[in-house]
2 protein chains.
Amino acid sequence: MRIMAENSNVYAERVEEIRRLGYDAVIISGTDPHGSEYVAPRWKQVEWVSGFTGEAGDLVITKDHAGLWTDSRFFIQAGQQLAGTGIELHPTRVPDEVTIPDWLAGHFQQKPVRIAFDGLCQSVGSIQTLEKALRNSYGLGGYELIDVPDMLDTLWTKRPAIPHSPVEWLDEKLMGETRKEKLAWLRGEMQQKGCGAMFLTALDEIAWLLNVRGQDIDYNPYVISYLLVTPEKAIWFVRNVSEVPDVDDVVLADYGVLEDALEDRKDECGRLFIDPATLNYHTCQLIEKYFAESQLCFGPSPVILRKALKNKKEQEGFRRAFIEDGVAMESFLYWLETSVKGGAQITEWDAAQKLASLRRDIEGYRGESFATISAYGPNAALPHYVTPREGSALIKSRGLYLVDAGAHFLYGTTDTTRMMPMGRCTRQEKEDYTLVLKGMVDLTLAVFPEGTAGCQIDALARRALWAAGRNFGHGTGHGIGFYSGVHEGPQAIRQNFNPQPLLPGMVSSIEPGIYREGKYGIRHENVVLCREQDKTEFGRFFGFETLTCCHIDLSIVRRKLLNEVERDWLRAYNRVVYRMLKNRLAPEVARWLKKKCR
Amino acid sequence: MRIMAENSNVYAERVEEIRRLGYDAVIISGTDPHGSEYVAPRWKQVEWVSGFTGEAGDLVITKDHAGLWTDSRFFIQAGQQLAGTGIELHPTRVPDEVTIPDWLAGHFQQKPVRIAFDGLCQSVGSIQTLEKALRNSYGLGGYELIDVPDMLDTLWTKRPAIPHSPVEWLDEKLMGETRKEKLAWLRGEMQQKGCGAMFLTALDEIAWLLNVRGQDIDYNPYVISYLLVTPEKAIWFVRNVSEVPDVDDVVLADYGVLEDALEDRKDECGRLFIDPATLNYHTCQLIEKYFAESQLCFGPSPVILRKALKNKKEQEGFRRAFIEDGVAMESFLYWLETSVKGGAQITEWDAAQKLASLRRDIEGYRGESFATISAYGPNAALPHYVTPREGSALIKSRGLYLVDAGAHFLYGTTDTTRMMPMGRCTRQEKEDYTLVLKGMVDLTLAVFPEGTAGCQIDALARRALWAAGRNFGHGTGHGIGFYSGVHEGPQAIRQNFNPQPLLPGMVSSIEPGIYREGKYGIRHENVVLCREQDKTEFGRFFGFETLTCCHIDLSIVRRKLLNEVERDWLRAYNRVVYRMLKNRLAPEVARWLKKKCR
């Protein structure tokens, strides 16, 4: 029997409503007007239409087809959530991927093809790519691109408004750099590019540049806003402007007056720099109304790389954050193990709540950095499992439990995955557990020359799995922001050819895994700081300092699969964790941890 | 005292002669009309002008500057050969590389800039890239590109003619595929692209497709020619056509009548497919005279990948070639060691001659696949050392000797580098020797999923060196043709982001190294065949079979730097080499090898 997703008929009907808008194709994107990875409820448009709740996904609806484009992290979830909706899964980031532009360029017989989208939620870059594909296929005049800002407003009657949470200006002593210094640096960068001003739309870049945070998006401490940095001023377009506390060096303006302001201020900008990867198409059209082509300069924002290179203060903060977080994690793991062994009925959801409660009292805590993945047994086979509030699985005293959780603190952001063997494990579980761990250690131990990009060392985390004919479908590591998004560019450690070298000061996760559908999932994740390790006649060499401070359970490790160097590293790591945490843990937890780290 | 290269004044004068041609810039490329890596004497134009003999290099001469663009393999050599000529080295394949187009685009103040080149020796692709850079910088009308075919003819009075050596049609039983089958396959490919015909200019592609070989270029068994494959015919434009033996399925035509033939035959071609990476600019202009734009289709030649996927017969041939070659190599190494120990005065050149003489009698031998690198001590620090006929170094009974040599056989092509410790070695020599060897073994042992490209596993060969703050500046491995070029695409194992996955049937070298200028150089090189290794629920996994059959000296290996798996592999490898070769070696060589392989 085919399983139907709950409310699948609701979603099938919404697809029909969109078809009735009368376009040949409608694109519904998973992002917001700021190119965000995580979005406020107002922009969960893909979820509203399709029921799919994964963080990455775009829909295309034509008269004869409805498709969701998403990557391997969400294949299983999409399969479940789309069942019965008539929406088909189009896998992305796979070797034979057909992207949305390519698919649209190949789908239609009749011309012109009329394709509609919400230009607020499409980057300039994505529309340029689309247009190129359409032009190649249908020729100029063979297609029409129709920008309908807030297109879903007419159908989605209870659509949430744009949020506005309290704005928090950060204590600049904790940041290592003042807003003034950051703005001066940016103006210098602009000058080098022959530009006077820059228009910023990416929320994480604005948050970093202004040393400001908000709570407009779950798990992402940003303020929904735009920023115009001119040679003299930083003009911040923000919602609910009257309630935003004033600071000396930022001019506040209303989010809604952007268009007027662009017109008014165009003369003080000189040439304007914008990043087409995050600027939305609709706003770009506004800008092009007031700025001549020669007055605009498109390129990747220099803030992205600069923000990823953590200064000394930020590095210190990260170290502290992982120790604070380690105390909560160890207390949590202790509680979970002893409770389940004691016969308590604990669900995945209960466990996540417990962890959250342990973190809540930490000084400078500012919330979770993503929804805790608390997954027992087969549920952990979904790399991005969402632990349900109702009816989550009971954690039993056998097999493997996975917790992937992180928090924001005023002094850093954390992201840790730990496995807890709850009792008897199978031989395969132990082998997988060990091989994944081996991969994490091998990459942690890597030393590499200046200029090396993540994709050039990603294999080190996979080699042991590959040798056993195993693999995992997601990246090995992502950058992590400083009290900012838990996913941060420009670097990445994955198979994709991202040319960005890994540089001293970058903070990244290392999180190999293995997923056996219907059985279990395993992931070990530490966060590391890239540092200079060596300087020789052959150049500079970099390596990683592990920031995460939470023991790794070695009880089910298959010793023979590890070499001496790996075994030594693991023993030393647990020893350091115990030494760092013992005086901060409750006595019974410290005793328990001492045993675990032996 | 600055060392002047021999004849540096001759080269300085030639640069002046080129300046007197009156252009703002002259580009002299290191390739020939067929985009070859290695060229016949006629096209050694860079050497004639500058004295630089490296296989990769392009010159740019302006009124105020003369520069040679080459990569790290040739930095030391270029430094020596250019001394006193006034020609400066511009490094390529380095992080801050400034390419010729970028350099030319940034160099001139006055417009229009008049840039001349020999269009026969520039690919369409390279001129497109140049034109784009110039247009961005100087604007349309701000530059002029002047194609002067055979430009140097007026200055280079003794310039050699285009060579024509005997043509050899190969025994198709040795190839696994007939010319007819290959042409049928290519016509199928063309049909899929909506093209009727293909015009081929790359000599290795023509040689593969027609099962034909020649000796027009040193070490490269090609016939200088063009090939037009129409739906019905294969028309081969070749020099000295009257002396080329006839075959049924190829129409012979003279190399010189290409232009007329293109005009005559354009109607039978339909849409014509050409690869802009190897087609020269001058010939492309001819084609565009007779073919409308809509009749031309540019793209990468499908022959490149197809040729790299060796069929079963070719794989068998390679195995045989490496065994035959191994017999010569072992006999050579035995001779060298015993002679030097016995007090004989042997130079690097003598050694290379000895090796050549040992190969000469092998059945099916067709010459060396590149100039043997026979290098003792500090000379081996030049990765592409050219052993001089006169005055080459004496091989002494201490330190390290490097031999990098290969041969063509009717049944395959070889390429092997072996190190021979001639007596006492320093601690650093031993350590470097071991770390480089460790890298070779680690990459050989790699297992990787379908879709993996060389740059994604290149680090496995470097990890051990990196960990010790060491590295090497060249790629780790190149493809190898079947009785064809010893450098073959499309795959490569190196840091560069070449997206071509490694596929079963590909033959590649694995040759990490380390170079300490003024001291010594170390390189260990085996050739491997990519094969399917495993198929699991996680997909297909590939690995390598080692083809090279020549022992690796383990006497100076620092055991502690290797793990058990690596030690086991090396012991097993030497055991297999001995077993495969013992009955084919002279008794005293077999006895010697037995000891070496213990």
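**Figure 1. A look into the largest nonpolar core of this predicted model.** This core has 154 residues, and the members that touch the most others are Leu336(A), Tyr401(A), Phe544(A), Leu336(B), Tyr401(B) and Phe544(B). The helix that gives the most to the core is α11 of chain B (residues 312-341), with nine residues. Now zoom in on Phe544(A). Setting aside neighbours within four places in sequence, Phe544(A) has contacts that include Leu443(A), Phe448(A), Ile457(A), Ile493(A) and Leu502(A). Thr444(A), Cys530(A) and Gln533(A) are also among the residues in contact with Phe544(A).

**Figure 2. Where chain B meets chain A.** Here 30 residues of chain B are in contact with 30 residues of chain A. Together the two chains bury about 2,600 Å², and carbon and sulfur atoms give 61% of that area. Three residues stand out: Gln456(B), Phe497(B) and Phe538(B) supply 26% of the area that chain B buries against chain A, more than any other three residues.

**Figure 3. Polar and charged pairs between the two chains.** How many salt bridges are there between chain B and chain A? The count is two. One to look for is the pair Glu537(A) and Arg516(B), with the closest N and O atoms 2.5 Å apart. There are also six residue pairs in polar contact between the chains, counting those with both residues at pLDDT 80 or more. On the chain B side, the elements that give two or more residues are β21 (448-449), α14 (454-457), α15 (459-467), β25 (513-516) and β27 (526-536). The largest share, five residues, comes from α15(B). Sorted by type, this side of chain B has 17 nonpolar, seven polar and six charged residues.

**Figure 4. Val98(B) and the helix that follows its loop.** Val98(B) sits in the loop between β4 (88-92) and α4 (100-107) of chain B. Is this residue buried, partly exposed or exposed? Val98(B) has a relative accessibility of 39%, so it counts as partly exposed. Apart from residues up to four places away in sequence, Val98(B) touches Trp69(B) and Trp103(B). Trp103(B) is one of the buried residues of α4(B), along with Ile100(B), Pro101(B), Leu104(B) and Ala105(B). Among the elements that cover the buried residues of α4(B) are β1 (25-28), β2 (58-62), β3 (66-71) and α5 (124-138) of chain B.

**Figure 5. Salt bridges that link distant parts of a chain.** In chain A, Glu324(A) and Arg584(A) meet in a salt bridge, at 3.0 Å from N to O. Glu324(A) is in helix α11 (residues 312-341) and Arg584(A) is in the loop between α15 (564-581) and α16 (587-596), 260 residues apart. Glu324(A) is buried because its relative accessibility is 13%, while Arg584(A) is partly exposed at 42%. In chain B, Arg319(B) pairs with Glu545(B), the closest N and O atoms being 2.7 Å apart. Arg319(B) is in helix α11 and Glu545(B) in strand β28 (residues 539-546), so this salt bridge ties together parts 226 residues apart in sequence. Arg319(B) is partly exposed at 30%, whereas Glu545(B) is buried at 17%.

**Figure 6. One more pair, and a network.** Arg540(B) and Glu532(B) form a salt bridge at 2.7 Å, N to O. Arg540(B) counts as partly exposed at 29%, and Glu532(B) counts as partly exposed at 37%. Then there's a network: salt bridges with shared partners join Glu431(A), Asp432(A), Arg470(A), Arg516(A) and Glu537(B).

Notes: Residues numbered from 1 in each chain as written. Chains lettered and ligands numbered in written order. Predicted model: local features only at pLDDT ≥ 70, side-chain atom pairs only at ≥ 80, totals over all residues. Heavy atoms only, no water. Contact = heavy atoms within 4.5 Å. Buried area = accessible area lost by both parts, 1.4 Å probe. Salt bridge = Lys/Arg side-chain N within 4 Å of Asp/Glu carboxyl O. Polar contact = N/O pair within 3.5 Å; in protein donor to acceptor, adjacent residues only side chain to side chain. Helix = DSSP H or I, 4+ residues; strand = E, 2+ residues; numbered from the N terminus. Nonpolar A, V, L, I, M, F, W, Y, C, P; charged D, E, K, R; others polar. Core = buried A, V, L, I, M, F, W, Y, C linked by side-chain atoms within 4.5 Å. Buried < 20%, exposed > 50% of the residue type's maximum accessible area, 1.4 Å probe, protein only.
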